[in-house]
Amino acid sequence: MKAAIIRKYGTISAEETAKPVLQDNYVLVRVRYASICGSDQHLFKGEFHPRTQLPMIPGHEFAGIAEEVGKGVTHVRPGDKVTVDPILWCGHCAACQAGHYPACTTLKLIGIDINGGFAEYVAAPAHTVYKVPETISDEAAALIEVLSIGFHASARSGLKESDNLLIMGGGKVGQSILHAASTITKGKIFMVDMLEERLSLARASFPDLITLNTLHTDPVTAIREMTGGRGVDVAIEAVGHEVAIENRLNPVRTSIQSIKGGGTVCVLGLGDHPVEILMKELIWKEAKIIASRVSHGEFAKAIDALEKKKVNPLGMITGILNLEDAQKGFDMLEKDPANHLKILLKI
Ligand SMILES: [Zn+2]
Ligand SMILES: [Zn+2]
């Protein structure tokens with residue numbers, strides 16, 4: 001089969017490799033589209049080494065058709081449109097025993113820890129395979145994983161229908177949170193970023209979204225003014241890296257200062273450096289700060305929202321390339337992050 005393989009960090013190329021062997025309780029998926037994730041960009045640059053081992057086929061956001069099903073598989077049949085929840089938890093550690101699978105101490109992902117979906121075929125454990133209704137396009141199906149991240153963050157944050165929400169960061173994760181959160185809250189949604197292109201891309205799908213460019217506007221002051229001095233009920237931080245901007249606080253502290261008393265800050269950004277926060281700002285508000293990692297069963301929510309047309313994430317796609325052009329896709333994301341969010345590989 002054809003697959004895009006990283007043999008050396010920084011380069012990826014399509015080549016012929018062995019097709020995975022189907023086992024009992026597995027589904028062999030013929031991939032149609034796979035999406036390049038921010039994690040793939042880290043992996044590509046070698047930032048996940050030694051967790052990732054070369055050579056490898058990345059890709060944890062993908063969808064296609066069930067080509068063959070192994071013995072014991074009953075919920076999907078050959079020919080069904082499917083997608084794969086890439087998370088593989090151990091089931092034995094303390095977190096797993098408490099049902100807290102995203103915190104599994106040996107959590108593995110298809111496409112990060114083992115070969116993934118930038119390939120014609122992936123053999124996935126049956127319990128990770130979700131049937132996708134035919135009414136959902138192949139392109140949208142490839143975005144179910146990233147949407148599930150948004151639904152999980154929304155659930156972790158406790159977001160309710162009447163809540164005002166701040167989303168810090170308009171990247172891939174921030175935009176998927178926006179799509180998911182817009183199915184939950186009817187309150188005001190603010191999005192903060194320093195890249196105008198990302199904010200206008202978000203506004204194109206959500207005309208009521210209040211976007212604040214942190215280069216020109218102090219988000220804390222603006223949010224306070226626009227919420228009658230209250231602050232938002234929930235702030236979700238999806239920035240991770242910290243680019244110091246003059247006269248601005250880091251994204252986590254901006255979130256803390258932007259919430260109401262008793263509000264919640266939910267953090268997702270995977271930064272590599274400590275983030276400075278002032279605890280008394282949290283304590284005075286008796287606020288909650290919680291974290292969200294990957295997803296926990298939200299594939300079903302994302303599929304349901306797509307099927308009922310409550311979300312249309314196609315606006316997040318800024319490019320579709322052939323598998324042979326995977327390198328070009330990574331280069332485009334690296335060189336022009338303002339204008340590229342989700343690049344799909346057609347397989
Ligand atoms: Zn991802
Ligand atoms: Zn575990």
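What distance separates the centres of domain 1 and domain 2, taken over C-alpha atoms? The separation is 28 Å. Domain 1 comprises residues 2-142 + 312-346, and domain 2 comprises residues 150-291; these bounds come from an automatic or database domain assignment.

This is a predicted model, in which local features need pLDDT of at least 70, side-chain atom pairs count only at pLDDT 80 or more, and totals for chains, interfaces and linings use all residues. Residues are numbered from 1 along each chain as its sequence is written, while chains are lettered from A and ligands numbered from 1 in the order in which they are written.

**Domain contact**

Domain 1 and domain 2 each contribute 10 residues to their contact, where two residues are in contact if their C-beta atoms, placed from the backbone, lie within 7 Å. On the side of domain 1 that touches domain 2 there are 5 nonpolar, 4 polar and 1 charged residues. In this classification Ala, Val, Leu, Ile, Met, Phe, Trp, Tyr, Cys and Pro count as nonpolar, Asp, Glu, Lys and Arg as charged, and the others, Gly among them, as polar.

**Strand β17 and its partners**

Helices (H or I, at least four residues) and strands (E, at least two) are DSSP runs, numbered from the N terminus. Strand β17 spans residues 342-346, and 4 of its 5 residues are buried. A residue is buried if 20 or more other C-beta atoms lie within 10 Å of its own, exposed if 12 or fewer, and partly exposed in between, with C-beta atoms placed from the backbone.

Two strands pair if DSSP finds at least two bridges between them. Strand β3 (residues 26-36) runs antiparallel to β17 and is joined to it by 4 bridges; S35 stands opposite L344 of β17. Strand β16 (residues 317-322) is parallel to β17, with 5 bridges, and L321 has L345 in β17 as its bridge partner. From β16 the chain passes through helix α11 (residues 326-335) to β17 in a right-handed β-α-β crossover; right-handed denotes a path from the first strand over the helix to the second that runs clockwise with the strands pointing away from the viewer.

**The parallel sheet**

An open sheet of 6 strands has the order β12-β11-β10-β13-β14-β15, with parallel pairing. Because β12 (210-213) and β15 (288-291) each have a single partner strand, they stand at the edges, and one side of each is left without a neighbour in the sheet. Neighbouring strands are turned by 20° against each other on average, direction ignored. Axes are lines fitted to C-alpha atoms, for helices over the stretch in contact, and angles run from 0 to 180 degrees between N-to-C directions.

Strand β14 (residues 259-267) pairs with β15 through 4 bridges in the parallel sense, and C266 has I290 of β15 as its bridge partner. Helix α6 (residues 196-205) packs on the sheet, touching β11 (189-193) and β12, and its direction makes about 180° with that of β12. Helix α7 (residues 219-226) lies across β10 (165-168), β11, β12 and β13 (232-237), at about 155° to β12.

**Backbone exceptions**

The loop between α1 (38-44) and β4 (62-69) holds P50 and also P55. The peptide bond joining H49 and P50 is cis, with omega about 5°, and the bond from L54 to P55 is likewise cis, with omega near -5°.

Two residues other than glycine with positive phi are listed below.

| Residue | Phi | Loop | Exposure |
|---|---|---|---|
| N25 | about 60° | between β2 (11-16) and β3 | partly exposed, 13 other C-beta atoms within 10 Å |
| K309 | near 60° | between α10 (299-307) and β16 | exposed, 9 other C-beta atoms within 10 Å |
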